[in-house]
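Subject: Handover of a structure and findings

Dear colleague,

Please find below the structure I am handing over to you. I would be grateful if you would keep it open while reading the notes that follow it.

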Amino acid sequence: MAVGGGTGLSAFLMGLKGFTKNITAVVTVTDEGGSSGRITRDWGVLPPGDIRNCIVALSENDDVLRSFMDFRFDKGDLAGHSLGNLMLLASAEMTGDFKLAVERINQLLAIRGRVLPVSTENIVLRGKTSGGKQIKGELEISNFGTDLDEIWLEPSDAKPIKEVIAAVDTADLIVLGPGSLFTSVIPNLLIRNFRERIKKGLAPTVYVANIMTQPRETEGMSVTGHLNWIEKVLGKLPDYVIVNDQEVPRGLLERYKAEGAEPLYLNDDEEVELYEKGCKVLRGSFLRLDQVKGEPVIRHDGGRLSEAIFSLIQKKDGGTF
């Protein structure tokens with residue numbers, strides 16, 4: 001089971017589908033930006049963007065399909081909307097049920113695995129900064145992430161869908177991330193019944209640390225800083241953390257630094273601290289360069305990350321986990 005949202009999770013899933021079809025991606029439904037935000041405001045359905053990305057990532061022919069699903073209209077009332085988001089909207093309108101709408105798109109595209117929304121309730125991220133400022137919504141949470149003191153959902157008693165709970169019970173491994181800490185990974189864990197099931201379940205948990213910090217959301221935050229938040233919300237540290245130790249190309253590093261992003265490496269003191277707390281560290285070269293609008297961007301290498309994940313499953317099955 002992979003838990004998260006955004007581009008980080010979809011990059012991981014693209015690699016993971018080469019290893020197994022037994023994949024369940026649990027995706028947050030708090031996205032409020034761009035096409036997803038407009039669809040939620042205008043039609044009252046849950047935001048489809050993160051779910052669309054994961055469905056495309058698990059499709060058999062993702063390059064061709066992605067070009068269709070990611071096609072964005074640039075004229076008239078549809079300007080800014082992607083075709084994939086509109087397909088999910090149409091499916092939701094036809095079925096009257098967002099979960100069923102997602103399942104139908106899963107089947108229509110014959111994906112390797114399945115994608116599930118963590119909940120079908122309209123939930124909103126809320127938070128409070130260290131200075132006491134109340135903030136609301138994914139965009140504000142992202143902008144004030146480094147000053148965040150508390151984070152929660154409204155309604156506080158939002159329920160996960162039953163398929164998500166069933167997936168926790170049968171999971172070999174529960175992978176948290178990669179993805180934005182406060183706006184992709186943690187929103188899923190803020191759903192009480194979901195996190196309690198993970199916490200009490202038998203499946204080991206793995207947190208995949210991001211390769212770079214994110215401007216404003218996690219700017220200046222260390223790997224242990226990320227894990228402290230996971231522990232605060234989940235109620236325990238993950239059994240494993242996977243970190244990248246591959247160097248970022250110099251030219252790209254300078255560009256990212258100018259935007260407020262730094263490589264997220266784990267130092268020796270942090271590793272000792274984590275081991276003492278029972279969280280094992282798996283290091284590796286997980287960086288891959290991708291292209292967005294003609295510019296190189298840093299992503300996780302889904303293939304190498306999946307190899308590392310499967311090495312943990314083999315250790316578990318061999319009794320040495």
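How many residues line the second largest pocket, and which of them lie nearest its centre? This is a predicted model, and in it the lining of that pocket consists of 18 residues. Nearest the centre lie Met-1, Asn-22, Ile-23, Asp-172 and Leu-173. Three elements give two or more residues each to this lining, namely α1 (6-16), α8 (162-170) and α14 (302-317). The element that gives the most is α14, with three residues. By character, the lining divides into twelve nonpolar residues, four polar ones and two charged ones. The space in the second largest pocket amounts to about 300 Å³.

One of the elements at this pocket, α1, deserves a further remark. Nine of its eleven residues are buried, so α1 is largely enclosed by the rest of the structure. The buried residues of α1 are Gly-6, Gly-8, Leu-9, Ser-10, Ala-11, Phe-12, Leu-13, Gly-15 and Leu-16. Helix α9 (residues 181-189) may be read in the same manner: nine of its nine residues are buried, so this helix too is largely enclosed by the rest of the structure. Among the buried residues of α9 are Leu-181, Phe-182, Val-185 and Ile-186, and also Thr-183, Ser-184 and Asn-188.

Next, please turn to Thr-24, which is found in strand β2 (residues 24-27). Is Thr-24 buried or exposed? Its relative accessibility is 11%, and Thr-24 therefore counts as buried, the limit for that term being under 20%. Its side chain is joined to the side chain of Arg-114 by a polar contact of 3.5 Å. If its neighbours within four places in sequence are left aside, Thr-24 is in contact with Met-1, Ala-2, Arg-114, Leu-116 and Ala-167. Met-1 is also one of the residues nearest the centre of the second largest pocket.

The remaining findings concern salt bridges, of which the structure holds 13. In one of them, the side chains of Arg-112 and Glu-60 meet at 3.5 Å, N to O. Arg-112 lies in the loop between α6 (98-108) and β3 (114-117), while Glu-60 lies in the loop between α3 (49-58) and α4 (62-69), so this pair ties together parts that are 52 residues apart in sequence.

A second salt bridge brings together the side chains of Arg-126 and Glu-154 at 3.3 Å, N to O. Because Arg-126 lies in strand β4 (residues 124-129) and Glu-154 in strand β6 (residues 148-154), the pair ties together parts that are 28 residues apart in sequence. Arg-126 is buried, with a relative accessible area of 16%, whereas Glu-154 is partly exposed at 36%.

Arg-255 and Glu-295 form a further salt bridge, in which the closest N and O atoms are 3.3 Å apart. This pair links distant parts of the chain: Arg-255 is in helix α12 (residues 250-258) and Glu-295 is in strand β12 (residues 295-300), 40 residues apart. Arg-255 counts as partly exposed, with 26% relative accessibility, and Glu-295 is likewise partly exposed, with a relative accessible area of 43%. Finally, Lys-99, Glu-103 and Glu-163 are joined into one network by salt bridges that share partners.

With kind regards

Technical notes. Residues are numbered from 1 along each chain as its sequence is written. This is a predicted model: local features need pLDDT of at least 70, side-chain atom pairs count only at pLDDT 80 or more; totals for chains, interfaces and linings use all residues. Side-chain values use heavy atoms; hydrogens and water are left out. On a 1 Å grid over the protein atoms alone, a cavity is a set of points where a 1.4 Å probe fits but cannot get out, and a pocket is an open set with protein on both sides within 12 Å along at least five of seven lines; lining residues have an atom within 4 Å of a point. Grid points are joined across faces, edges and corners, and a volume is the space filled by probe spheres set on the points. Helices (H or I, at least four residues) and strands (E, at least two) are DSSP runs, numbered from the N terminus. Ala, Val, Leu, Ile, Met, Phe, Trp, Tyr, Cys and Pro count as nonpolar, Asp, Glu, Lys and Arg as charged, and the others, Gly among them, as polar. A salt bridge is a side-chain nitrogen of Lys or Arg within 4 Å of a carboxyl oxygen of Asp or Glu. Buried means under 20% relative accessible area, exposed over 50%, partly exposed in between (1.4 Å probe, protein chains only). A polar contact is a pair of N or O atoms within 3.5 Å; within protein, one must be able to donate a hydrogen and the other to accept it, and residues adjacent in sequence count only if both atoms are side-chain atoms. Contact means heavy atoms within 4.5 Å.
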